[in-house]
Amino acid sequence: MSLAHALAAGRSARNVVLLGDPQQLEQPQRGAHPEGAEVAALVHVLGGGKTIADESGLFLDETWRLHPAICRFTSELFYEGRLRSRPGLERQALSGDGIPFAGSGLFFVPVVHTGNQNSSPEEAEAVARIARSLLAPGVKWTDSKGVARRIGESDVLVVAPYNAQVAALIDRLPRGVRVGTVDKFQGQQAPVVIYSMTSSSAEDAPRGMRFLYNPNRLNVATSRAQCISILVATRRLLEPECSTPEQMRWANGLCRYRELATEVRLS
């Protein structure tokens with residue numbers, strides 16, 4: 001919620017409690033506003049930090065979703081190292097003979113393509129192959145209580161930055177697999193999340209680096225995963241030509257993901 005809306009609502013109360021996560025997606029904006037009016041109220045309170053100071057508020061430092069292997073990345077990049085996994089989440093894992101995404105954590109699947117902007121048939125096909133391997137007989141998902149069962153279509157969530165890529169993915173994936181944009185899935189979760197970045201390079205991104213590399217969007221996309229996060233992208237996205245410190249910060253999140261991830265090449 002923007003500061004302007006929070007101030008307007010606050011006129012009807014004696015006290016205001018701000019509850020939220022400024023490191024996730026911002027409130028959708030319509031119309032033109034003076035610069036700064038769209039900034040979330042909590043962002044003003046944080047004063048440039050990523051998490052709230054102890055003297056200013058309460059930071060909820062436990063995730064009830066993320067396996068520790070994913071939480072380490074999320075905590076380092078977005079929450080100043082203060083986020084930790086709730087006990088028991090380390091039990092969350094995938095298992096199965098021959099599955100390339102066994103266990104838990106971050107995975108990176110490189111796909112070669114050029115000239116793609118808001119749709120990539122190469123990545124759509126790669127995601128379809130990944131989904132087929134995950135949904136093969138014998139692949140099991142173990143939850144935080146240690147209960148194992150066969151993974152189902154609804155346990156796989158596929159995210160893309162653009163509606164055109166979402167449409168291409170829907171055409172290739174089983175009907176039960178959830179597919180949508182980052183905005184659609186904020187607040188949801190699944191054992192496995194596949195993020196198709198779609199564009200062939202930073203220059204090809206239709207809405208520029210600010211949209212494709214946005215740290216908040218990367219946070220939302222990858223932190224939907226309870227156990228396995230799979231990033232599907234070209235290597236060229238890891239080498240953008242940055243001309244400002246802000247662009248370098250945007251690219252840093254994606255590059256850090258790659259550093260921590262296990263690479264899987266589709267044969």
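Start the tour by selecting helix α5, residues 163-172, and colour its buried residues: Q165, V166, A168 and L169. Keep in mind as you go that this is a predicted model. Now look down the axis of α5: the buried residues fall within an arc of 165 degrees, so they line one face of the helix. Turn to the face pointing away from that buried side, and you will find the exposed residues N163 and D171. To see what the buried residues of α5 pack against, show α4 (121-134), β7 (156-160), β8 (178-181) and β9 (190-196).

**Next stop: T181**

Stay with β8 and pick T181, which is found in that strand. Is T181 buried or exposed? Its relative accessible area is 13%, and T181 counts as buried because the limit for that label is under 20%. Show the contacts of T181, leaving aside residues up to four places away in sequence, and you get V159, A160, Y162, N163 and V166. Two of these names are already on your screen: V166 belongs to the buried residues of α5, while N163 is on the face of α5 turned away from the buried side.

**On to helix α3**

Now move to α3 (68-78). Which residues of α3 are buried? Select I70, C71, F73, T74, S75, L77 and F78. Their packing partners are β1, β2, β4 (105-110), α8 (215-222), β10 (225-233) and α9.

Zoom in on F73, which is found in helix α3. At 1% relative accessibility, F73 counts as buried. Bring up its contacts, again without residues up to four places away in sequence: F78, L106, L218, T222, G253, R256, Y257 and L260. Pick R256 from that list and put a distance label between the C-alpha atoms: F73 and R256 are separated by 8.1 Å, although they are 183 residues apart along the chain.

Just past the end of α3, click on E80, where phi takes a positive value of about 55 degrees. E80 is a residue other than glycine, and it is found in the loop between α3 and β2. At 43% relative accessibility, E80 counts as partly exposed.

**The aromatic pairs**

Switch on the rings of the aromatic side chains. How many aromatic pairs are there? The count comes to 5. One of them is F59 with Y79, a tilted pair with 6.4 Å from centre to centre and 40 degrees between the planes. F59 is in the loop between α2 (41-46) and β1 (62-63), and Y79 is in the loop between α3 and β2 (84-85), so you are looking at a link between distant parts of the chain, 20 residues apart. Both F59 and Y79 are buried.

Return to F73 and add Y257: the ring centres are 5.4 Å apart and the planes stand at 90 degrees, so this pair is edge-to-face. F73 lies in α3 and Y257 in helix α9 (residues 245-260), so the pair ties together parts that are 184 residues apart in sequence. Y257 is buried, at 0% relative accessibility. Add F78 to the selection as well, since ring pairs link F73, F78 and Y257 into a cluster.

**Arginines over rings**

Now select R86 and W64 together. R86 lies over the face of W64, 3.7 Å from the ring centre. For another arrangement of this kind, go to R207, which lies over the face of F211 at 3.9 Å from the ring centre.

**The cavity**

Switch to a cavity view. A search of the whole structure finds 1 cavity of 30 Å³ or more. The space in the largest cavity is about 40 Å³. Which residues line the largest cavity? Select Y195, M197, L212, Y213, N214, R217, L218, W250 and L254. The elements giving two or more residues to this lining are α8 and α9. L218 should be familiar, as it was also on the list of residues touching F73.

**Last stop: T198**

Finish at T198, in the loop between β9 and α7 (208-212). T198 has a positive phi of about 75 degrees although it is not a glycine. Is T198 buried or exposed? T198 counts as buried, at 0% relative accessibility.

Definitions and conventions:
Residues numbered from 1 in each chain as written. Predicted model: local features only at pLDDT ≥ 70, side-chain atom pairs only at ≥ 80, totals over all residues. Heavy atoms only, no water. Phe/Tyr/Trp six-rings, centres within 6.5 Å; stacked < 30°, edge-to-face > 60°. Helix = DSSP H or I, 4+ residues; strand = E, 2+ residues; numbered from the N terminus. Buried < 20%, exposed > 50% of the residue type's maximum accessible area, 1.4 Å probe, protein only. Lys NZ or Arg CZ within 6 Å of the ring centre and 35° of its normal. Arc of directions from axis to C-beta. Contact = heavy atoms within 4.5 Å. 1 Å grid on protein atoms, 1.4 Å probe; cavity = no way out; pocket = protein on both sides within 12 Å on 5 of 7 lines; lining within 4 Å. Points joined across faces, edges and corners; volume = space filled by probe spheres on them.
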